[in-house]
Amino acid sequence: MEQLERLFNPRGIAIIGASQNPEKRGHYTISDLLRWGYEGDIYPVNPKYDEVHGLPAYSSVLDISGQVDLAFIAIPAQYVPDAIRECGEAGLAGAVINTAGFGEVGEESLEDELAAAAEDANVRLIGPNIQGADFVHQHVHLLGGIRTTPGHLGMITQSGNMGIALSVDAEDSGTVGFSYNIGVGNETDLEFYEYLRFLGEADDTDGVVVYVEGMNDGRAFLREARRVSREKPIVAYKSGRTAEGRESAMSHTASLAGDVDVVEAAYRQAGIQPLDSVDLLVPVAEALTTCPIPDGPNVAVLTDGGGHATVTADAIERAGLGVPDLSAETQETLQELYELSPNLTNPVDVMGMSDHETMWYDTARHILEDPNVDALLLTGGALGYEECWWTHDDTGFDVEPERDLGIARKITEMVDEVGKPVVFNSLWDELGCSTALQYLSENGVPVYEEVDTAVAALKALADYGHHLTHADEKSDFDIEADENANSVIADAIREGRTTLSEFESKTVLAEYDAPVTPFELAKTAEEAVEIADGFEKAVAMKIASPDIVHKTEAGGIKLGVEGEQSARDAFDQIRTNASEYDPSARIEGVLVSPMVPNGIELLVGVVDDPEIGPVVTCGIGGILVEAINDVAFRALPVTEYDAREMIDEIEAQALLDGPRDLPAVERDELVELLRTVSTLVANNPAIEELDINPVVATEDGLSILDSSLELSAQ
């Protein structure tokens, strides 16, 4: 970390590509450092000039005799690797590379040269292909005419414009800002996880905001997030949420953008709070770094209008939070305060009350102290009527801002004493006219203009609290195996095969004690008859070939086969159909298994996500799996807690509980299967994709009816 400390807190900065042209980055970067208070030395570097901005210019960083820790580079791409080599020779710790023109435009070889130069020179790189960076409290403003709003959030962003937008959002809030604004760019050297590690240890940073399109090593990022999130909250927006967005992300950063649903599930597993709108990053980060963390998801609502009560309750339940009944004791207390209020359960509507302190402090305190309540959302016109409304018309009423300000002070004290979060959704927030609301915002009680924003903040607070409670029960994201432990998989790799047949796939699963239905491979019709007879019940017969994936389309499946002649005929017909479907297909034989009773069909699988690596999935299976799309994801390896959370996330809980005459899914057995699959893939890194569909839940437990395994070419 010592090298990064020098990079992020430089005693001297060399501007490579310094210019006397006011329109060039090499000109106004120096101007920014001079006018915005950088206290270190500034060294323009350009052999064309003797001076820039009144500072002596140097032909090379090697000519500088003073202490230089950081270079800002704004020269054509082809010259950057040599500049980095000189930086290394001069002893610089790092460089911020504004220059584009590397892998993002197809110049992979030039980017490889840059990476090699940085490694050889021991110079850490931020970028390339970035607008710049801003180390705010050190006054190292390298964004080109822009200063990031100061505060205590660290920002890691893959888009310079998004970084500016987030800074504007912070400025608009008036209460939060940033300690670092780090443009990631192509991750040629320094990567997301290394920035996160630095911000996790930075004393001037209370939380981290991440805008990501795709990252080189998402697995390392998860491991680092798991550690950092125990001390500092992390919020993230993953872009590329549509096909068009993913295409834009690829062209913008030349990075591998993983599937959003998969990546966000892994983020939650690591303690990151993923958000579905970039506009929520700053307001949610504000709540997470200023509010007490709640013990649960139950939110009470206090308002002065029925409309606000209904809309807010709807938003809370949509977010998956609870709107609990208040305890009988709390309701009795409120009944003593209000004889005519419309509703004193939850939401609590105090419309018509003239005593503002009773409305917004006494009532709030009674509600917040209720054991059924984990957080409080005040919504409507609280603490702003007189100061905001009467000063905007000609009513002539006297304004009493000190009264509301006093209530605000008591509310902030209450939050500290009770230790539960309070959030305001105020119709006055947009006007910026309430002294009381401003005081709340500045003292640990966030105030939001939109109810959905307030609810999103409460949702993140509840989820973060839940994660902190269970962090030790979740995955550590470590997969250490280098060799394939299973002989079937190892043999296939040696033979250059990447697709296993169903027979091979089931053999692998059975060796890991997965609940595979009994199966045997028949290579002749006589063997099929003998095997079928041995099961003493109707059987399923399927073609066994690594080259035929869609067995139904190939006519390679016969179900409910009974009797000697039926087994012989089924074997012959399956072989004939398969040969006609694909004459070149390798045929191992015909797989024979006993029929399984009807049950709930599930899917269990693993996919190798390009961003975060192997991920296990579980959900509703069968032929409608893609149409229903009711699945949950977790990054490997999964713990028992991870597996149970996955099952709980499946939307069709009523189906899992056993509708009509179907038995319920044995959840403990499904947990065990998920962990078995996790172990299998962790022990065999060649597995690229595993599909177990369907897994049928019957009265006798789970039965794997079909499976396929794809291996990576090695």
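1. Let's start at the tip of a helix. D259 caps the N-terminal end of helix 9, with one of its side-chain oxygens 3.1 Å from the backbone nitrogen of D261. Keep in mind throughout that we're looking at a predicted model.

2. Helix 9 itself covers residues 260–270, and most of it is tucked away: of its eleven residues, nine are buried. Have a look for V260, V262, V263, E264, A265, A266, Y267, Q269 and A270, which are the buried ones. Notice that charged E264 is on that list too. Right after the helix comes G271, where phi is positive, near 100°.

3. Now hop over to H467, which sits in helix 17. Is H467 buried or exposed? Its relative accessibility is 3%, and the cut-off for buried is under 20%, so H467 counts as buried. Its side chain makes a polar contact of 3.0 Å with the side chain of K474.

4. H467 also takes us back to where we began. If you skip neighbours within four places in sequence, its contacts are S229, R268, Q269, A270, G271 and K474. Two of those names, Q269 and A270, should ring a bell from the buried residues of helix 9, and G271 is the residue that follows that helix.

5. What does helix 17 lie across? This helix, residues 451–470, lies across strands 15, 18, 19 and 20. Against strand 19 (422–426) it runs at about 170°.

6. Those strands belong to an open sheet of six, in the order 16-17-15-18-19-20, and the pairing is mixed. Strand 16 (343–344) and strand 20 (447–448) are the edge strands, each with a single partner, so one side of each has no neighbour in the sheet. As background, strands of a sheet pair through backbone hydrogen bonds, and the pairing can be parallel or antiparallel.

7. For a parallel example, try strand 15 (residues 299–303) and strand 18 (residues 375–380), which pair in that sense over five bridges. To find one of the matching spots, look at T303: its bridge partner in strand 18 is T379.

8. Next, a helix pair. Two packed helices are described by the angle and the distance between their axes. For helix 6 (residues 192–201) and helix 7 (residues 218–228), the axes come within 8 Å and cross at roughly 10°. Angles under 35 degrees count as roughly parallel, and these two helices are therefore roughly parallel to each other.

9. Which residues meet where helix 6 and helix 7 touch? Helix 6 brings F192, Y193, L196, R197, G200 and E201, while helix 7 brings A220, F221, E224, A225, R227 and V228. An α-helix has 3.6 residues a turn, so residues three or four places apart point the same way. Try checking that against the residue numbers in the two lists.

10. T310 gives a contrast with H467. T310 lies in helix 11 (residues 306–318) and, at 48% relative accessibility, counts as partly exposed. From T310 to D700 is 390 residues along the chain, and their C-alpha atoms are separated by 47 Å.

11. Finally, zoom out. The chain has 25 helices and 31 strands, and its C-alpha atoms fill a box of roughly 95 × 80 × 40 Å along the principal axes. Of its 714 residues, 57% are buried. The exposed area is about 29,900 Å², with 44% of it supplied by carbon and sulfur atoms. Among contacts with a separation of 6 or more, 72% link residues 24 or more positions apart.

Note on methods: Residues are numbered from 1 along each chain as its sequence is written. This is a predicted model: local features need pLDDT of at least 70, side-chain atom pairs count only at pLDDT 80 or more; totals for chains, interfaces and linings use all residues. Side-chain values use heavy atoms; hydrogens and water are left out. Two strands pair if DSSP finds at least two bridges between them. Helices (H or I, at least four residues) and strands (E, at least two) are DSSP runs, numbered from the N terminus. Contact means heavy atoms within 4.5 Å. Axes are lines fitted to C-alpha atoms, for helices over the stretch in contact, and angles run from 0 to 180 degrees between N-to-C directions. Buried means under 20% relative accessible area, exposed over 50%, partly exposed in between (1.4 Å probe, protein chains only). A polar contact is a pair of N or O atoms within 3.5 Å; within protein, one must be able to donate a hydrogen and the other to accept it, and residues adjacent in sequence count only if both atoms are side-chain atoms. Accessible areas come from the Shrake-Rupley method with a 1.4 Å probe; for residues, only the protein chains shown count as cover. Angles under 35 degrees count as roughly parallel, over 145 as roughly antiparallel, 65 to 115 as roughly perpendicular and the rest as oblique.
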